[in-house]
Amino acid sequence: MKRKKVTTRTTGHFSALRSDIRILGKVWRLQPSYIVCLAVYALTWAFINSLAVYFRSAMFNALDNGTDFWGVAVYILSLALFYLLIFIPDHLYRLIWKPVLERKLRFRMHRELYCKAQRMDLACYDDPDFYNQFIWAMRESDTRAIQVVEAIGNVVNHLLSSLAIIGLLFTVNVWISILMLAGNLVAAFVVDLIGNRMWIRYDTEQNPRFRRQDYIDRVFNLPDYAKELRSGQVADMMIRDQEKTTGELEAANRRTGVKATLLYGVLYNVAKRGTYYGTILIMIGDLAAGRVLLGGFAAAVSALWILQSTMQSLSDALAELPRHALYLEKYFAFLDHENQLVSGTEEVPPFQTLTFENVSFSYAPVKTEKETALQQAVVAYEIKKGEKRDGEEQDTDQGTDRGGEVLHGINLTIRKGEKTAIVGYNGAGKTTLIKLIMRLYDPTEGRILYNGIDIHRFDLEAYRARIGAVFQDYRLFAATVAENVMGGRYDGQPGTEAEVRAALDAASFTGRLSTLEQGLHTPLTREIDQSGVNLSGGEAQKVAIARVFVRPYDLIIMDEPSSALDPVAEYELNHSILNAADSRERTVIFISHRLSTTRFADRILLFADGRLCEQGSHEVLMAMGGRYARMFDMQAEKYRAGEAWERTQPAAT
Amino acid sequence: MSKRKKETKTKTKAETKEKKPSIKLRRVWENNLFMLKLIHKASPGFLALDVSIEMLWAAMEFFSGSYLLKVVVDSLKDSGRTGWLYLFVAVLFVLHLALQFLVSWFWNCVGWPMEVRLTLKIRKLLYARMRSVELSCYEDPAFYEKYVKAMSEVNNRAFQVMWSLERMLTQVFSLTANVALLWTIDPVLIIFGLIPFAVGFLRTRRNKLSVAESNDMKRVDWHTNYVQRCFYLNEYAKEMRLTHMPDKMLDDYQGTLDDFIRIKKRYGKKISVLDYIIKMSHEVATVLGATFYTVYATLVRGTITAGDCLVVINSIGSVSMFLSGLVSNIASFHEHALFIDNLRSFLDYQPKIRENPEGLTAGAGRIAVSHLAYRYQGAEKDALSDVSLTVAPGEKIALVGQNGSGKTTFVKLLLHMYQPSGGEITLDGHPMEDYTLSSWRADFEPVFQDFKLLGMSVAENILRRPMSGEGEAQAQDRATVTEALRQSGALERVERMPHGMDTVLTKEFDSHGEVLSGGEAQKVALARVFAGTAPFVILDEPTSALDPVAEYTLFENMMRACADRAVIFISHRLSSAVLADRVYLFDGGRVVESGSHAELMDRNGQYADMFRRQAESYVERTASEAAGGPERRDVAYEA
């Protein structure tokens, strides 16, 4: 609409310009050619802009002076030649070199981020604040970096162009150069300054209404709401709400519209037209008095057009810098973040025992105070600007209920060859226990010993390589079946192939594999490859399970491995997993909240509220008549009732 | 100012358009006209006023630009009478100020509020249609995409059509004026203005190349984005730490960079050659060419004055600019038409399920479903076929079966959200279509597995209507909601909220809104059943997020509260089916077994088999207590 785009000049953030300088340094290190090209380009254009004005003025002066035809034509021809030559590298740069350089820069920035991300503590994912910052760094920092460098280039270009042109006008008439400088300063900088404040206020005030409008749109839009919309009076209530919101918005637009008219219709208008007509009036005087030739007039007229756009661009580019800087601080904060989990150096012997000694754990925020303060600054800034997205806000809120301790004083030992089941309700700490075993987190208190040695002392990668795990929320990658099973590159050697096939067989995937045309080389998911195969939940789970069979892991962990399956398939899979594991004398830990599936275990650990409450075999625990027995009874009751029916039935007939 | 902003907005729009599906010229015309009529209806006179102001503005631009220069230079060269000239410029200055003020006022104080009204009008048209289409439309990707596209541009497309129109008119005006001016100076100059027009075909080729390039790039971008997601999404984090996938991903990423450079070089060369020619045809051939000619005419032939020379240079650029602007503007009408086509075909869609205003009013009664069949659009197989069942008042019916066996589809058909492809549903002997749609749907109180709480107060979410305004009625509503919450086990949680049952849920509207956990939300959703009085209650796996204890209590409450209402519930856990009067086992879209739990166990079919598998581990214990375990059960059965 008639509103200027909001280019914000955040006052008080000029200290943040440090980040702009730092990003410039980073880009220089990663891709120096990009900066060199940009600088050359900026300088060249400043030169072309002033040259055009100069040529025009020189030509008209020659015309006015009564020079012969070729004396004038030489200006035109040389300008044409200059254009023909300079636009060749200009086009090549803009359409080929620059995109390629940018892409390379993005690639290098990403590679650095990815390597950092991959070493990042898993705990960072659990802190929503940090995670948002991380996602932001991943998704946007490259674009911001490019924008900053470009904005700096633009500032240089437009500043030089403006100065050169004003300097040129100085030779024509001092007053004109002063008038143009002042007029454009008001039109571009002063109006922007006031206008941005006004639009920010407007956005801040109206943001809740925009959000409400979007929300109601979504309710009508999304299939998720379709059923709700068709029952009760929900649809009418929503439409009524939309009408009310629109009414409020209309009134707000009227109010702001008046201010906008005063700003743009009066202040901007007077500054802009004043400059234009003022220049012409001064020139008429000069021309009439013979102080200036036609060339001076022509130069003034073209300077009017060019100055106006360069000054506006300069204002925009300057406004961008502090805004980017604030965001880029997030990027640097992420790069500077120190991991809390530190790898040891010792080699890892084959598995014998795993012992928890009085282990407690709570999810603590990973951010430092400085990072928190920064995040708050960004949020405050976004709210002020009305750019805050609702999604992000919700994300941050989830962080609040994560404070408490998740595991308390756990003591337990797992020995080689044991099949251990961990049971308990959601939130009892089962999955956290697994993450501690994998050393994805470190305990807040207590120690975890592997063969009697604290796991801190082992090389982290080697330690994790001893353990094979399938998580509840396992993921398959957009890669071939074989690559997914191997968890990375697949070399296609006959030996490797046999291993992969054996693992898939142990996970009872062989049947499905034979239906895949490209066999082990079938690409999975359609994320990249349109011809990829989308496996069903159960099939995908089997491929994920095959991962733990493909390598000689000492310890296998399965976190609700059968959750996606229906009861029959679940039953079969559990048996086949246990058989496969048994035949290789492996240690297995598995988690489930369906008690019926865990009773095959040698030992059952019952977790409740983060404590290990009961342990022993199914029979022992049932005999104990404690929590486990109660849980089991509750789940079993209905089934037993059904069976009881069945038993009495034949007798009755 | 306003002017400039509008211009840039539409320019970016035109640049981002990717592919242009073909559309008939007539349709382009009709569609754009449709939108203009909509503006006219939303605010009569606005359109006419806007166009008139814009034309005045175009005239002003011309007089203050090329024409003013001519007047200045001519009158100075010819007579040197500056007094008259000063006056002329001053008058023009005042007029220009006044006109720009008018434009600014018109847009900021009239157009801008008006835009909001217009948006509401289009929104309401879309909403009305969307709520009336059958549910299968959401599942038809082509239809749904159309709607989402129509919706996403609701905010500015109507005005863009208007801007394109006004821009076209002003372009034609300015073009004519500048051409006329050049004509009076020297008709030959027109030829220079036409040069960019002549290279127009190059522009088309260039655009085609850009489209092809961005299509090729899409694959690269997909791949890049995928790699990125693997690195940052929480769901991949564990696997990325425990496997060697990151190495493979980085290799892949390097590969995409090489692909990018290859594609960029391939297209970049051709595109830059074309761009170069287009640019040079404007900067060199047109502007400098015309300048050269004019200087020649002035100095050698003496047919043009020096003042005219200045005018020519100024307006030849305008002519060439307006010409190419006009070309792309015409293309933008085409683009608008495509969007409006989505909107119109969406609005013209006739829902298969329509309100039957003269229909009967549905109430309690006996529902009979006979030979019901349903096939999803484009599916090769029926999702549901030959389903027959009855629900008598007060009966408890369980629908069981594996995922995808058709249970939820059946429920949606029962609610008349889909139109059955075969068979019929009757209530007390009258087919479903004989009843009014609103009373039919009001007859059911459904809680779906994927229920949604809306951004309204807790009470409104439960009542699904506005809370009664005052006095007795409101007290009554409050009592109902409180009791319903108590029954569903959510009362304690709701009372802890800052405004009790008046607290707004979700953060969508109100950043202080309450966000409920999965289990809590489910309890609030289930409270609807306790608060409602509809004779049929439908529960589609409503307790999946609850732990077994809460599930058990809630289920008991539900059965007690619904003693005199019919309840149809879907559950994975066969244990709850034991309580039902009748169980229907769905498999592959058919009812394969039906009867009470006892009868089905008796039949020893699929249901009995499923039940035993689920029950195996549990029952074993009972059996082992009595010694004999599984054998004992088999014996009991065979006996």
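Author: A crossing of two helices is called left-handed if the near helix is turned anticlockwise from the far one by less than a right angle, and right-handed if clockwise. The model discussed here is predicted.

Reader: Is the crossing of α2(A) and α3(A) left-handed or right-handed?

Author: Helix α2 (residues 32-65) of chain A and helix α3 (residues 69-119) of chain A have axes that come within 10 Å and cross at roughly 165°. That angle makes α2(A) roughly antiparallel to α3(A), and the crossing of the two helices is left-handed.

Reader: Which class of residue, and how many of that class, does the contact of α2(A) with α3(A) have beside two polar and one charged residues?

Author: On the side of α2(A), the residues that meet α3(A) include A:Tyr41, A:Ile48 and A:Phe55, while those of α3(A) include A:Ile86, A:Tyr93 and A:Trp97. By class, the contact has two polar residues, one charged residue and, for the class asked about, 18 nonpolar.

Reader: Turning to chain B, is it more spread out than a compact globule or not, and why?

Author: Chain B holds 22 helices and ten strands. Its radius of gyration is 36 Å, whereas the globule rule gives 26 Å for 639 residues, a value that the chain is well over, so chain B is more spread out than a compact globule.

Reader: What percentage of the residues of chain B count as buried?

Author: The C-alpha atoms of chain B fill a box of roughly 125 × 65 × 50 Å along the principal axes. A residue is buried if 20 or more other C-beta atoms lie within 10 Å of its own, and among the 639 residues of chain B the buried share is 40%.

Terms used:
Residues are numbered from 1 along each chain as its sequence is written. Chains are lettered from A and ligands numbered from 1 in the order in which they are written. This is a predicted model: local features need pLDDT of at least 70, side-chain atom pairs count only at pLDDT 80 or more; totals for chains, interfaces and linings use all residues. Helices (H or I, at least four residues) and strands (E, at least two) are DSSP runs, numbered from the N terminus. The radius of gyration is taken over C-alpha atoms; the globule rule is 2.2 Å times the number of residues to the power 0.38. A residue is buried if 20 or more other C-beta atoms lie within 10 Å of its own, exposed if 12 or fewer, and partly exposed in between; C-beta atoms are placed from the backbone. Axes are lines fitted to C-alpha atoms, for helices over the stretch in contact, and angles run from 0 to 180 degrees between N-to-C directions. Angles under 35 degrees count as roughly parallel, over 145 as roughly antiparallel, 65 to 115 as roughly perpendicular and the rest as oblique. Two residues are in contact if their C-beta atoms, placed from the backbone, lie within 7 Å. Ala, Val, Leu, Ile, Met, Phe, Trp, Tyr, Cys and Pro count as nonpolar, Asp, Glu, Lys and Arg as charged, and the others, Gly among them, as polar.
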